[in-house]
Protein chains: 2
Amino acid sequence: MQNAVVVNQTEPKLKILPETMGNILRIIPLGGLGEIGKNLQVYEFKRDILIVDCGLMFPSEEMLGIDFVIPDIRYLIEKKDKIRGIILTHGHLDHFGGLPYIWPKLGCPIYGAPLSIAYVKEKFQEFGISTQNLHTVKSTDKLQLGCFNIELFPMSHTMPDEVGLAIQTPVGLVLHIADFRIEEENEERKNFFAQLHRFANRGVLALLLDSTNAEVTGKSLTEKAVSITIEEIFKETKGRIIVTSFATNLIRVQSVIDAAAKTNRKVIISGFSMEKSIEIAMKLGILKIPKGIIVDIKKLHYLRDWEIAVLCTGSQGEEFSALSRMAAGEHKQVEIQPGDTVVVSASAIPGNERAIASTINNLFREGAEVIYGGAEAEIHASGHASAEDLKSVIRAVRPKFFIPLHGEYRHLILHAKLAQKAGVPANQIFVAENGQVVEVTKDWAMLTRHRVPSGYVLVDGLGVGDVGNIVLRDRQAMAKDGILVAIMTVDAKTGQLLTSPDIISRGFIYMREREDLVHKTRENIKKLLAKYNERHRANWALIKTLIREDLGDFLYRETERRPMILPVIIEV
Amino acid sequence: MQNAVVVNQTEPKLKILPETMGNILRIIPLGGLGEIGKNLQVYEFKRDILIVDCGLMFPSEEMLGIDFVIPDIRYLIEKKDKIRGIILTHGHLDHFGGLPYIWPKLGCPIYGAPLSIAYVKEKFQEFGISTQNLHTVKSTDKLQLGCFNIELFPMSHTMPDEVGLAIQTPVGLVLHIADFRIEEENEERKNFFAQLHRFANRGVLALLLDSTNAEVTGKSLTEKAVSITIEEIFKETKGRIIVTSFATNLIRVQSVIDAAAKTNRKVIISGFSMEKSIEIAMKLGILKIPKGIIVDIKKLHYLRDWEIAVLCTGSQGEEFSALSRMAAGEHKQVEIQPGDTVVVSASAIPGNERAIASTINNLFREGAEVIYGGAEAEIHASGHASAEDLKSVIRAVRPKFFIPLHGEYRHLILHAKLAQKAGVPANQIFVAENGQVVEVTKDWAMLTRHRVPSGYVLVDGLGVGDVGNIVLRDRQAMAKDGILVAIMTVDAKTGQLLTSPDIISRGFIYMREREDLVHKTRENIKKLLAKYNERHRANWALIKTLIREDLGDFLYRETERRPMILPVIIEV
């Protein structure tokens, strides 16, 4: 593993904050504030550090070739001996996916509800990491980690076993609520608010709350409504039904299995992450699956169309997912045929819109009927509480201080405005981004001017943090206009060319069709070398720089493209 | 200019269809069907060809470094002498932007309403193309082009001067309606439907209709509603107002100017395309602009906040647009300050979501209030008719045959379904994609099995069509994992290495931090060269191939990355 290279250019140098004087709690987001993903929240009080979540983020399109982005934990490494544990709120990659890369450097205990821990275990085994530090806790357990006395409480999300944290700190009670939603009027909702009221009665010093859907107004679609739509589709459809959703959306998976059971269809699972996710949930008894309803994909051809429901990966149009392969006619077992109905039971993660649209287009081309459009088509409910629900939570909790959690900057700001509407004074709301430090006492809180490192650490293949700005910039340059390598073999004594320069280019022009340009370029190089060799005899570094610049200008005039130019001088 | 390289891999070889026997009209889409953009529709009857629109498309993200995509017109070039003219429906780039690249190869007359022709003129002058073939027609004119007798009729869209085409062909009347919307109940709407009824009474053989919003159900927001919202925002806002929209959305531009006039604000224009677009419209007298309301941006600092409205480019988060520069704090004249209100009066073109979100985040960071969210926030109305309106048009026209125009495949399919609901029998509806040929007589029509070339022609800098699959694939490979050039200087007689191999890499690893790997790679190359030189003495092509493969495997084992590998052998 390499040293972490921090891509964020405004990154401060590593400065370790000394212990605070007096009773001050530090709240430091190392990920997930000012972005969607790689959530990692640090609570620090004197000699104790508590970490909540340790996620990864998928790269944005300019991060060419990158597999994942994880938080920069240099701050934590410096204070490693103070870390009392990591608590996971739930089993989504943006909350635990950083662990295989990060945990080996921290080595602290990890706590989570059964499903969360099961997902981590799976990953750790894949990475060959010991699982003996993983601790399963119940969603109503209490944990004492250093000076932090934590009560877990159950929350609702797209997967079971989500927990909220009520952290009794030496300065007061802090509520940490990650990704969550509130179901419509029912027992669960009542219990949830009753719980919040109990905390409120104890007095909540600070509330940290998921901001993901703070910009979503109006009434959200409920999971119940979605399960009704799915059941209706199953009842009305005569041909095969293919449903795609997020593999970890186990609540949705359950709805599909229920609908299949009611309409006498078998369920066939396709796609690695869907198989894995369901296998883990089944082992824990989390899914209610009637005996014999799940059948192996190899049995597909023994079933008649009206007996078939396929549950598969690919809701984001991912390149090698089951649904994309079906849409492209490349799936080994499932060939799309007229009469098939495909249900895309998910919404688009920003950036995936085109890939999803392309999959849907291809499914239509193959003759399928496709039901898509998420909330509009009533086939997807978000896992995140929207504006009205967020306000209800804030009103119920009546926190002294409010910090919006998880969201891009606009979500945090809109969430802060909601908190104001819900009664929190503006000067008691702190919009912090990654690396900023909020200090909280029982009387006051402030967004300090301290910044700890919190940039992007890029994972690419086996390299963690070894792809930095330079490598990325080179990839971007070559992606745009390609590369041209000019090799000049020169006499070591005279600096004269021994042979005509070799020119190799990739991604710039199709050289076979531009022999004219290749010829002109070669002549140009000869002239440049002669000229600069005369002026700067044997100062090859300088000569290469000058040739790079002049050749770049020449090629731009000829093509209006700016390939990366690599002059190479071989002395013989 | 290079020969066209066709990127679409399933592209047929150029096959020129001979003239049809008998009275058959050929309808051939060369762009815009199966995609959004580069619209180009061909109508061919015996010795006459009529072209409607000639657009460009913006590249999708996998088309690295590409500026634009234009239609493949090899079919038209072969039949150049039959082309009677190009008619433009309106002045959007996806309807005329291909002309500067394509027209020089066709040389036929171009017809369009004043605004459309003004935009083309601007482009032609930029490209140094003669404008003498541009002909301005009124939106109610009639044109005889070969055997085609064309009546233009006015349509509503986001810019003025949009025309529909009623083409009287030897086999019957064909209606061609590109991008359009129908305003809510008003005089314009009544006139439009009265016009359609008149055509219907004459008997419409075929209707070709914009499918862009065929998947949008429910009532669309009207432009009227948007102008009311904008006026309200202007009335309620005390600080500066900055509005961004598409530069060609002149209807919206007018609304902003009207709102500014009513609230005594001056309008400052920022961004090249916005300035240009407004300048062209003003010259034609298309915008109603009260005297003195538009002031130069240099006067900004003489105005008080409540007197300022800035109208700027950047609604899609484009990198160098005015709004992006403001958001990044890099705009020369406009520095965002708390109290500013930014209105993003546009919707996201798929693929631009992240760039727009990033701009909005940055505006919030600078302290602005941002109103965004398109139709939800009632600050943007689409320029395209949605499902209900499309059905109304089809019902009014009562065409014998129906061909959905302009849309990705799912839009075309959904539009075909709407046509069925509107009374057109399924076997009289033809969903054609680019390059497919529909033949129509007065009695029957069919989607033939003919395919004419219709792939992507890529424009990159000065090159038109010279970036093909190979160059693109190389860019994609280098974007992902970079490149490694291994230069081996060998004795021409013995094939033995004269010096240690030179290794240059870009975008693969940061070599300074991986000297270990560079060393191992160099040793590896020495071994490989010795081994293969012994076996295949002087067969350098083969030796390079073998080294490329082995070195690739070695580097993958070391890094799990697959850089492009270029072995170079220099014989001395």
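Let us start at B:Thr489, a residue of this predicted model that sits in strand E24 of chain B, which covers residues 483-490. Once its neighbours within four places in sequence are set aside, B:Thr489 is in contact with residues of both chains. From chain A come A:Ile570 and A:Val572, while chain B supplies B:Gln496, B:Leu497, B:Leu498, B:Thr499, B:Ile570 and B:Val572. With a relative accessible area of 1%, B:Thr489 counts as buried, because the cut-off for that class is under 20%.

Those contacts with A:Ile570 and A:Val572 lead us to the meeting of the two chains. The contact takes 65 residues from chain A and 65 residues from chain B. The size of an interface is often given as the accessible area lost when the parts come together. Here chain A and chain B bury about 5,700 Å² between them, and 55% of that is on carbon and sulfur atoms. Three arginines deserve a look on the side of chain A: A:Arg354, A:Arg506 and A:Arg561 supply 11% of the area that chain A buries against chain B, more than any other three residues.

Polar and charged pairs also cross this interface. The rule finds 24 residue pairs in polar contact between chain A and chain B, with both residues at pLDDT 80 or more. If you would like to trace the side of chain A that touches chain B, the elements giving two or more residues to it are helix H10 (353-365), helix H12 (409-421), helix H13 (469-481), strand E23 (483-490), strand E24 (502-506), helix H15 (540-559) and strand E25 (564-571) of chain A. The largest share, 8 residues, comes from H13(A). By type, the residues on this side of chain A divide into 29 nonpolar, 12 polar and 24 charged.

Now for the salt bridges that span the two chains. The rule finds 8 of them across the interface of chain A and chain B. One to look up is A:Glu369 with B:Lys417, where the closest N and O atoms are 2.5 Å apart. A:Glu369 lies in strand E17 (residues 369-371) of chain A and B:Lys417 in helix H12 (residues 409-421) of chain B, so this pair joins two chains. A:Glu369 is partly exposed, at 33% relative accessibility, and B:Lys417 is partly exposed as well, at 29%.

A second bridge across the interface brings back one of the arginine positions, this time in chain B: A:Asp460 pairs with B:Arg561, with 3.2 Å between the closest N and O atoms. A:Asp460 also forms a salt bridge inside its own chain, with A:Arg475, and there the closest N and O atoms are 2.7 Å apart. A:Arg475 lies in helix H13 of chain A and A:Asp460 in strand E21 (residues 456-460) of chain A, so the pair ties together parts that are 15 residues apart in sequence. Both ends are buried: A:Arg475 has a relative accessible area of 0%, and A:Asp460 has one of 2%.

Over all chains, the structure holds 68 salt bridges. For a pair in another setting, turn to A:Arg47 and A:Glu19, whose closest N and O atoms are 3.6 Å apart. This pair links distant parts of the chain, 28 residues apart: A:Arg47 is in the loop between strand E2 (40-45) and strand E3 (48-52) of chain A, and A:Glu19 is in the segment before strand E1 (25-31) of chain A. A:Arg47 is exposed, with a relative accessible area of 55%, whereas A:Glu19 is partly exposed, at 31%.

How are the two chains related as whole objects? Chain A can be laid on chain B with an RMSD of 0.0 Å by a turn of 180 degrees and a shift of 0.0 Å along the axis. That is the relation of a two-fold axis. To find the axis from chain A, go to A:Ala479, whose C-alpha is the nearest to it in that chain, at 2.4 Å. The interface fits this picture: 100% of the interface residues of chain A are also interface residues in chain B, so the copies meet through the same surface.

A last stop is B:Ser255, in helix H7 (residues 250-262) of chain B. B:Ser255 is buried, with a relative accessible area of 10%. Not counting residues up to four places away in sequence, B:Ser255 touches B:Glu223, B:Ser227 and B:Ile230.

How values were computed. Residues numbered from 1 in each chain as written. Chains lettered and ligands numbered in written order. Predicted model: local features only at pLDDT ≥ 70, side-chain atom pairs only at ≥ 80, totals over all residues. Heavy atoms only, no water. Contact = heavy atoms within 4.5 Å. Buried area = accessible area lost by both parts, 1.4 Å probe. Salt bridge = Lys/Arg side-chain N within 4 Å of Asp/Glu carboxyl O. Polar contact = N/O pair within 3.5 Å; in protein donor to acceptor, adjacent residues only side chain to side chain. Helix = DSSP H or I, 4+ residues; strand = E, 2+ residues; numbered from the N terminus. Nonpolar A, V, L, I, M, F, W, Y, C, P; charged D, E, K, R; others polar. Least-squares fit on C-alpha atoms with pLDDT ≥ 70 in both. Buried < 20%, exposed > 50% of the residue type's maximum accessible area, 1.4 Å probe, protein only.
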